[in-house]
Amino acid sequence: EVLYNARGMAYRQENSGVITIGTTGKPEQSYNYFKYKIDYVELPLTAGYNVLDVASNSWLMGYIGLAPAIAVKKEAMFDYVNGLGPLAGKADVSGKLDHVRSFNTSILAGIQYGAVPGAVGTYIDLRASYTMLPVFTESKNTSDENLSTQMLTVSLGLGIKF
């Protein structure tokens, strides 16, 4: 199979240089929000085992494997508040996400359940994958923040088998 996976991550960081006045009229902590979007094209290679009887009209297969992947989209968005009040001075910056590893491989495991196809059959697939290498090629960014991250992804899909 060939898959297109849109993955991402987000986190928030306290912004002590900005105070937000909330609906209560009291000062509140402000935060900077970081969102990363990384899309991959994957070629999963799996080995599975059907646990149901061969005479059954359906199949239940557990599988494991590897999924080599190429990063085809690498974007970042930075949301921050730079003024007073809940809506004042809101600014967004987006652009290319640097230091993303262009090629990575994930370990994957999952289960599939479906009807035994005559010509065409449908199935449902529950899969978990974990990157073998860190997502970024650098361990720290210019602000000395940790970039040594890996991704755990859980997905639920529907498929057609023929």
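## Strand arrangement, nonpolar cores and selected residue environments

T131 lies in strand 7, which spans residues 121–131. In this predicted model, T131 has a relative accessibility of 2% and therefore counts as buried, the cut-off being under 20%. The side chain of T131 comes within 3.0 Å of the backbone nitrogen of M151. M151 is also among the contacts of T131 beyond four places in sequence, together with R7, N104, T105, S106 and Q150.

The protein as a whole contains eight strands and zero helices, so that the order of elements along the sequence reads β-β-β-β-β-β-β-β. Its radius of gyration is 22 Å, whereas a compact globule of 162 residues would have a value near 15 Å. Along the principal axes, the C-alpha atoms occupy a box of roughly 70 × 40 × 20 Å. Of the 162 residues, 30% are buried. The exposed surface amounts to about 10,400 Å², and 60% of this area is supplied by carbon and sulfur atoms. Among contacts with a separation of 6 or more, 64% are between residues 24 or more positions apart.

The average pLDDT is 84, and 91% of the residues score at least 70. Residues 84–88 have a pLDDT below 50, and this stretch makes seven contacts in the model beyond near neighbours in sequence. Where pLDDT is low, predicted coordinates should not be read in detail.

Nonpolar side chains tend to be buried together in soluble globular proteins. The largest nonpolar core in the model has 13 residues, of which Y36, I38, Y40, L97, V100, V135 and F136 touch the most other members. Strand 2 (27–42) and strand 4 (58–81) each contribute at least two residues to this core. The largest share, four residues, comes from strand 2. A second core, separate from this one, consists of six residues and includes W59, Y63, L108 and Y123.

The surroundings of F136 were examined further. Beyond four places in sequence, F136 touches M9, Y36, L97, D98, H99, V100, R101, L147 and T149. Three of the residues named above as touching the most other core members, Y36, L97 and V100, are thus found in this list.

H99, one of the contacts of F136, is located in the loop between strand 5 (90–96) and strand 6 (103–115). Most residues other than glycine have a negative phi. H99 is not a glycine, yet its phi is positive, at about 65°. The relative accessibility of H99 is 42%, so this residue is classed as partly exposed.

L147, which F136 also touches, is placed in the loop between strand 7 and strand 8 (152–161). L147 counts as buried because its relative accessibility is 10%, below the 20% cut-off. Outside four places in sequence, the contacts of L147 are F136, E138, S139, K140 and N141. L147 and H99 are 48 residues apart along the chain, with 9.2 Å between their C-alpha atoms.

Two further strand residues were considered. K37 belongs to strand 2, the strand that supplies four residues to the largest core. The relative accessible area of K37 is 44%, and K37 is therefore partly exposed. Leaving out residues up to four places away, K37 is in contact with R7, G8, K73, K74 and E75. R7 is likewise a contact of T131. The C-alpha atoms of K37 and T153 are 13 Å apart in space, and the two residues are 116 residues apart in sequence.

A109 is found in strand 6. With a relative accessibility of 37%, A109 is also partly exposed. Its contacts beyond four places in sequence are Y63, I64, L126, R127 and A128, and Y63 is a member of the second core. The C-alpha atoms of A109 and L3 are separated by 15 Å, at a distance of 106 residues along the chain.

Notes
Residues are numbered from 1 along each chain as its sequence is written. This is a predicted model: local features need pLDDT of at least 70, side-chain atom pairs count only at pLDDT 80 or more; totals for chains, interfaces and linings use all residues. Side-chain values use heavy atoms; hydrogens and water are left out. A nonpolar core is a set of buried Ala, Val, Leu, Ile, Met, Phe, Trp, Tyr and Cys residues joined through side-chain atoms within 4.5 Å. Buried means under 20% relative accessible area, exposed over 50%, partly exposed in between (1.4 Å probe, protein chains only). Contact means heavy atoms within 4.5 Å. A polar contact is a pair of N or O atoms within 3.5 Å; within protein, one must be able to donate a hydrogen and the other to accept it, and residues adjacent in sequence count only if both atoms are side-chain atoms. The radius of gyration is taken over C-alpha atoms; the globule rule is 2.2 Å times the number of residues to the power 0.38. Accessible areas come from the Shrake-Rupley method with a 1.4 Å probe; for residues, only the protein chains shown count as cover. pLDDT is the predictor's confidence in each residue, from 0 to 100.
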